[in-house]
Amino acid sequence: MTQVTVRAPAKVNLHLGVGGLRPDGKHALATLYQAVGLYDDVTVVEADDWAVGLTEPVDGVPLDDDNIAIRAGRALTAHHGLDRAARITIAKGIPVMGGMAGGSADAAATLLALDRLWDLQTSDEDLLRIAGTLGSDVPFALLGGTALGTGHGEIVSPVADTSSVWWVVVLSDEGLSTPAVYGHFDELSPDAPGEPPIPEALIEALAGGCPQEIGDLLANDLWPAARDLRPDLVDVEVQLRSMAPDGVLLSGSGPTLLMLHEDVEEARTTVAELTARGHRCTLAPGPVAGAHVVTYG
């Protein structure tokens with residue numbers, strides 16, 4: 001085997017409960033992740049030195065050792081005590097700095113791709129543990145589907161989800177810094193609880209599979225901070241709500257906004273109308289599978 005390509009999905013946080021800043025500099029989270037059908041494809045080939053590249057130029061993606069995919073590769077080889085390296089090529093389909101965990105998807109895909117390339121047979125438990133050292137969303141990108149995330153988001157466990165929904169993904173021309181959003185959350189919410197509550201009602205709604213009930217329970221504690229930092233998002237949000245979808249949601253730390261639909265034809269009509277209004281948007285089904293191999297070479 002000379003190369004492996006792994007596909008990993010974007011995520012949305014159906015619920016994002018954020019606790020106060022901890023002594024370790026992280027926030028306790030109680031979140032419900034859902035993997036959705038926007039993907040990055042990561043291809044790995046063995047090389048003398050670590051390198052990362054893109055199939056097409058994309059602003060905001062580092063092409064040096066700061067790229068999380070290289071950090072993932074180094075973490076995997078360190079776990080196995082190996083002195084090996086690879087060239088990592090990423091085809092981006094997930095918005096950059098859009099709150100949909102594109103970097104985390106790349107890290108998860110790299111872990112799985114290198115494990116298969118080198119036949120390391122890393123256990124699922126070890127892959128999830130390594131993923132958790134790289135970022136809060138990386139373990140979920142491996143798992144996919146719908147899952148509860150606790151700790152700082154890295155402790156993931158699947159939840160029953162019988163829904164089949166369509167997300168209209170409304171993109172922004174300008175990214176929004178995750179550290180900046182969390183920093184502003186701290187300013188706005190000095191009394192945030194140490195441990196945010198688990199969204200039990202939404203977990204029950206997912207098990208029942210009713211999009212209208214799910215839409216009514218969508219929540220994101222980072223929304224006020226994102227609105228303050230990006231007032232233009234407020235006008236977009238008003239437009240989206242006026243179209244009466246099943247739900248409207250800020251994706252993670254933003255700035256991507258999401259509209260929930262049960263019916264794909266209604267979702268396509270929404271995309272067409274928003275496009276006519278000058279918005280950039282796309283359509284994504286959910287939930288979908290986590291990182292998975294698509295080609296061996």
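Two residues are in contact here when they have heavy atoms within 4.5 Å of each other. Keep that in mind as you explore this predicted model.

**Stop 1: the annotated pair.** Select Lys11 and Asp137. The UniProt record, an unreviewed entry, gives both of them the feature "active site". They are spread over 127 residues of sequence, yet they cluster in space, with a largest C-alpha distance of 8.5 Å. Now bring up the largest pocket: its lining includes Lys11 and Asp137.

**Stop 2: lysine 11.** Centre your view on lysine 11, which you will find in strand 1, residues 3-21. Is lysine 11 buried or exposed? Its relative accessible area is 6%, and because that is under 20%, lysine 11 counts as buried.

Next, show what surrounds lysine 11. Leaving out residues up to four places away in sequence, it touches Tyr33, Gln34, Ala35, Gly99, Met100, Ala101, Asp137, Phe140, Ser251 and Gly252. Pick glycine 99 from that group: its backbone oxygen lies 3.3 Å from a polar atom of the lysine 11 side chain.

**Stop 3: aspartate 137.** Move over to aspartate 137. It sits in the loop that runs between helix 3 (124-134) and helix 4 (138-143). Which residues does aspartate 137 touch, not counting residues up to four places away in sequence? They are Lys11, Tyr33, Ala101 and Ser104.

**Stop 4: tyrosine 33.** Finish by selecting tyrosine 33 together with aspartate 137. Their side chains are joined by a polar contact of 3.0 Å. You have met Tyr33 before on this tour: it is also among the residues that lysine 11 touches.

Methods. Residues numbered from 1 in each chain as written. Predicted model: local features only at pLDDT ≥ 70, side-chain atom pairs only at ≥ 80, totals over all residues. Heavy atoms only, no water. UniProt positions renumbered as here; feature names shortened; annotations may be inferred. 1 Å grid on protein atoms, 1.4 Å probe; cavity = no way out; pocket = protein on both sides within 12 Å on 5 of 7 lines; lining within 4 Å. Helix = DSSP H or I, 4+ residues; strand = E, 2+ residues; numbered from the N terminus. Buried < 20%, exposed > 50% of the residue type's maximum accessible area, 1.4 Å probe, protein only. Polar contact = N/O pair within 3.5 Å; in protein donor to acceptor, adjacent residues only side chain to side chain.
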